[in-house]
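This report describes the fold of one protein chain, beginning with its aromatic rings and moving on to its sheet and its cores.

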Amino acid sequence: MKKGSIYRFIAFALMFTLCFSQLGLLKTQAAGNPPANEKTLSIGKAAKGTFTEPEQAQWYKINPSKQEVAKFSHYRIKLQSDDEVNITVYSSLENAKNNVAFDRYMGYSYKDEPAQLDFPIAWTGPYYVKVEYYGSEDA
């Protein structure tokens, strides 16, 4: 193989990777309505919630201050639950309404296995967090 063709192959591979890396957004198949009456989350303060029946979602909002944006590059959300519960972080209200999120900002938690998501606060906030419960397999 000639030296020039190796460089063309590398250039093609890099362009391929660059183009397909932009396809990271997923439309989630989620329960619940768009955000309404969401609770505000704050750094270092735990929020508690319960689900009374399957197919429910709870919404939360994170609105970082200018000081937090200057001090931190990412937020970490940790979700601990007794049953399997899904969590999704949305970069905007529009994405939350349309259920569009990057797969790296989706996770799930169940007993003794918390979900932990790190997401950048360089996005223009506020950010929206959806916690969903689909029901227990024991039921």
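Rings of Phe, Tyr and Trp, the last taken by its six-membered ring, count as a pair if their centres lie within 6.5 Å. In this predicted model, Tyr75, Phe119 and Tyr127 form one aromatic cluster.

## Aromatic pairs

Six aromatic pairs turn up in a search of the whole structure. One of them, phenylalanine 51 with tyrosine 133, is stacked, with 5.6 Å centre to centre and 25° between the planes. Phenylalanine 51 sits in the loop between strand S2 (39-40) and strand S3 (56-62), and tyrosine 133 in strand S9 (residues 127-133), so this pair ties together parts that are 82 residues apart in sequence. The rings of phenylalanine 102 and tyrosine 105 have planes at 90° and centres 6.0 Å apart, so that pair is edge-to-face.

The table gives the accessibility of the four residues in these pairs.

| Residue | Relative accessibility | Class |
|---|---|---|
| Phenylalanine 51 | 22% | partly exposed |
| Tyrosine 133 | 11% | buried |
| Phenylalanine 102 | 33% | partly exposed |
| Tyrosine 105 | 8% | buried |

Buried here means under 20% relative accessible area. Phenylalanine 51, at 22%, therefore counts as partly exposed.

The loop between S2 and S3 also holds glutamate 53. Glutamate 53 is partly exposed, with a relative accessible area of 48%. Its C-alpha lies 9.5 Å from that of serine 136, although glutamate 53 and serine 136 are 83 residues apart in sequence.

## Overall layout

The protein chain has three helices and nine strands. Along the sequence they follow the pattern α-β-β-β-α-β-β-α-β-β-β-β. The chain has 139 residues, of which 28% count as buried. Among its contacts with a separation of 6 or more, 73% are between residues 24 or more positions apart. The chain exposes about 10000 Å², and carbon and sulfur atoms supply 53% of that area.

## The sheet around S9

Five strands form an open sheet with mixed pairing, in the order S2-S3-S9-S5-S7. S2 and strand S7 (106-109) stand at the edges with a single partner strand each, so one side of each has no neighbour in the sheet.

S9 pairs with S3 on the one hand and with S5 on the other. S3 and S9 run antiparallel and are joined by seven bridges; in this pairing glutamine 58 stands opposite valine 131. Strand S5 (residues 85-90) and S9 also run antiparallel, with five bridges between them. Here asparagine 86 has glutamate 132 as its bridge partner in S9. Four bridges join S5 to S7, again antiparallel, and isoleucine 87 has glycine 107 as its bridge partner in S7.

How many of the seven residues of S9 are buried? Seven of the seven are, so S9 is largely enclosed by the rest of the structure. In a regular strand the side chains alternate between the two faces of the sheet. In S9, Tyr127, Val129, Val131 and Tyr133 point one way, while Tyr128, Lys130 and Glu132 point the other way. The buried residues thus include Lys130 and Glu132.

Threonine 88 is in strand S5 and is buried, with a relative accessible area of 4%. Leaving out residues up to four places away in sequence, threonine 88 touches Ala101, Tyr105, Met106, Tyr128, Val129, Lys130 and Glu132.

## Nonpolar cores

The largest nonpolar core has 17 residues, and those touching the most other members are Ile62, Ile77, Ile87, Val89, Phe119, Val129 and Val131. S3, strand S4 (74-79), S5, strand S8 (115-120) and S9 each give two or more residues to this core. S9 gives the most, with four residues.

Which residues does isoleucine 77 touch, not counting residues up to four places away in sequence? They are Ile62, Ile87, Val89, Ala115, Gln116, Leu117, Phe119 and Val129.

Apart from the largest core lies another, of five residues, including Tyr90, Ala96, Ala101 and Tyr128. Two names recur from the S9 and S5 descriptions: Tyr128 points the other way from Val129 and Val131 in S9, and Ala101 and Tyr128 are among the residues that threonine 88 touches.

Methods: Residues numbered from 1 in each chain as written. Predicted model: local features only at pLDDT ≥ 70, side-chain atom pairs only at ≥ 80, totals over all residues. Heavy atoms only, no water. Phe/Tyr/Trp six-rings, centres within 6.5 Å; stacked < 30°, edge-to-face > 60°. Buried < 20%, exposed > 50% of the residue type's maximum accessible area, 1.4 Å probe, protein only. Pairing = 2+ DSSP bridges. Contact = heavy atoms within 4.5 Å. Areas by Shrake-Rupley, 256 points an atom, 1.4 Å probe, with all protein chains shown as cover. Core = buried A, V, L, I, M, F, W, Y, C linked by side-chain atoms within 4.5 Å.
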